[in-house]
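Here are some exercises to work through with the structure open beside you. Try each one before reading its solution.

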Amino acid sequence: MKKLFYILFFLVCTTVYSQKDSTKVKKTSQLQLAGPRVQYNPLSPSKAAFYSAILPGAGQIYNNRYWWQLPLIYGGMATSIYFFIENSNEFDRFRTAFRRRKAGLPDEFTVNGTQIISDAGLESAQRQLSQNRDLSLLTTVLIYVLQVVEASVTAHLIQFDDSDDLTLSPAAIPSRDAYDAFPKMGLTLKYTF
């Protein structure tokens, strides 16, 4: 019973907004279509993806959606590139120290003949820094691919009118069946375009 109540409460409280039918006519002094008619351009998603593949963020500029997306794209890529360079430099430091120690030469982690970091610690640090470097590179590539896909999808979806005229209005209607002694409840979903 509790689940039924939650389902009914959710359906009653839910209102979904989606596309507007562009063939609907406004009631004004002159007949106009309900919204600006945009010529469908099937090559627009391809162009946006191509521009983003050439220069990250160029597809978002092509789609006119750059004011909040470009800082995310360049901020994410710059951060992951920074960590890639930082982890690579640290990896080289520990690898050089490890190689020098194995060759019997002094390294930066040996002070006055005392090893600050053991051989196992140097190996462990190299392993961890290598993983972090690879993860930073993977993050950079993932952000690059996602911005190309996002530009293509946005260019495809921007050609549709996305006004608030499509709504979901749930209603509970009692059954008026003469043969049943007990009233039945049903659920009807009415979509309005």
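**Exercise 1. A patch on the surface**

Which residues form a nonpolar patch on the surface, and how much accessible area do they have together?

*Solution.* Keep in mind that this is a predicted model. Start with the members: Leu 137, Val 141, Val 145, Val 149, Val 153, Leu 157 and Phe 160 make up the nonpolar patch. Next comes the area, which for these residues together is about 570 Å². Finally, place one of them: Leu 157 is part of helix 5.

**Exercise 2. The overall layout**

Work out how many helices and strands the protein chain has, and in what order they run.

*Solution.* First, count the elements: the protein chain holds five helices and four strands. Then read them off from the N terminus, which gives α-α-α-α-β-β-α-β-β. Now turn to burial: 24% of the 193 residues count as buried. For the surface, the accessible area of the protein chain is about 14300 Å², and carbon and sulfur atoms own 63% of that. To finish, consider contacts with a separation of 6 or more: 57% of them are between residues 24 or more positions apart.

**Exercise 3. The two sides of helix 2**

Find which residues of helix 2 are buried, and explain how they are arranged around the axis.

*Solution.* Begin with the buried set in helix 2, which spans residues 44–54: Ser 44, Pro 45, Ala 48, Ala 49 and Ser 52. These residues lie on the same side of helix 2, because the arc they cover around the axis is only 135 degrees. Now look at the other side of helix 2, where Phe 50 and Ile 54 are exposed. The last step is to ask what lies over the buried residues: the cover includes helix 3 (58–62) and helix 5 (119–157).

**Exercise 4. An aspartate in a loop**

Is Asp 107 buried or exposed? Once you have decided, list what its side chain contacts.

*Solution.* Locate the residue first: Asp 107 sits in the loop that links helix 4 (69–102) to strand 1 (110–111). Its relative accessibility is 8%, so Asp 107 counts as buried. Next, follow its side chain. A polar atom of the Asp 107 side chain lies 2.8 Å from the backbone nitrogen of Phe 109. The side chain of Asp 107 also makes a polar contact, at 2.9 Å, with the side chain of Thr 110. Then look further along the sequence: leaving out residues up to four places away, Asp 107 touches Ala 97, Arg 100 and Arg 101.

**Exercise 5. Charged pairs**

How many salt bridges does a search of the whole structure find? Take three of them and describe where the partners lie.

*Solution.* Recall the principle: side chains of opposite charge can pair when their charged atoms come close. The search finds seven salt bridges.

- *Within helix 4.* Arg 93 pairs with Glu 90, with 2.9 Å between the closest N and O atoms. The two are three residues apart in helix 4, so about one helical turn separates them. Arg 93 is partly exposed at 32% relative accessible area, and Glu 90 is partly exposed as well, at 22%.
- *Between helices.* Lys 102 and Asp 119 meet through their side chains in a salt bridge of 3.5 Å, N to O. Because Lys 102 belongs to helix 4 and Asp 119 to helix 5, this pair ties together parts 17 residues apart in sequence. Lys 102 is exposed at 53% relative accessibility, whereas Asp 119 is partly exposed at 24%.
- *Neighbouring numbers.* Arg 133 forms a salt bridge with Asp 134, the closest N and O atoms being 3.8 Å apart. Arg 133 is buried, with 18% relative accessible area, while Asp 134 is partly exposed at 43%.

As a last step, look for shared partners: Arg 101, Lys 102, Asp 107 and Asp 119 are joined by salt bridges into one network.

**Exercise 6. A serine in helix 5**

Which residues does Ser 136 touch, not counting residues up to four places away in sequence?

*Solution.* Place the residue first: Ser 136 is in helix 5. Then check its accessibility: with a relative accessible area of 8%, Ser 136 is buried. Finally, list the residues it touches: Ser 80, Phe 83, Phe 84 and Asn 87.

How values were computed:
Residues are numbered from 1 along each chain as its sequence is written. This is a predicted model: local features need pLDDT of at least 70, side-chain atom pairs count only at pLDDT 80 or more; totals for chains, interfaces and linings use all residues. Side-chain values use heavy atoms; hydrogens and water are left out. Buried means under 20% relative accessible area, exposed over 50%, partly exposed in between (1.4 Å probe, protein chains only). The arc is that of the directions from the helix axis to the C-beta atoms. Contact means heavy atoms within 4.5 Å. Patches are made of residues with over 30% relative accessible area and no salt bridge: like charges are joined within 9 Å, nonpolar side chains (Val, Leu, Ile, Met, Phe, Trp, Tyr) within 5 Å. Accessible areas come from the Shrake-Rupley method with a 1.4 Å probe; for residues, only the protein chains shown count as cover. A salt bridge is a side-chain nitrogen of Lys or Arg within 4 Å of a carboxyl oxygen of Asp or Glu. A polar contact is a pair of N or O atoms within 3.5 Å; within protein, one must be able to donate a hydrogen and the other to accept it, and residues adjacent in sequence count only if both atoms are side-chain atoms.
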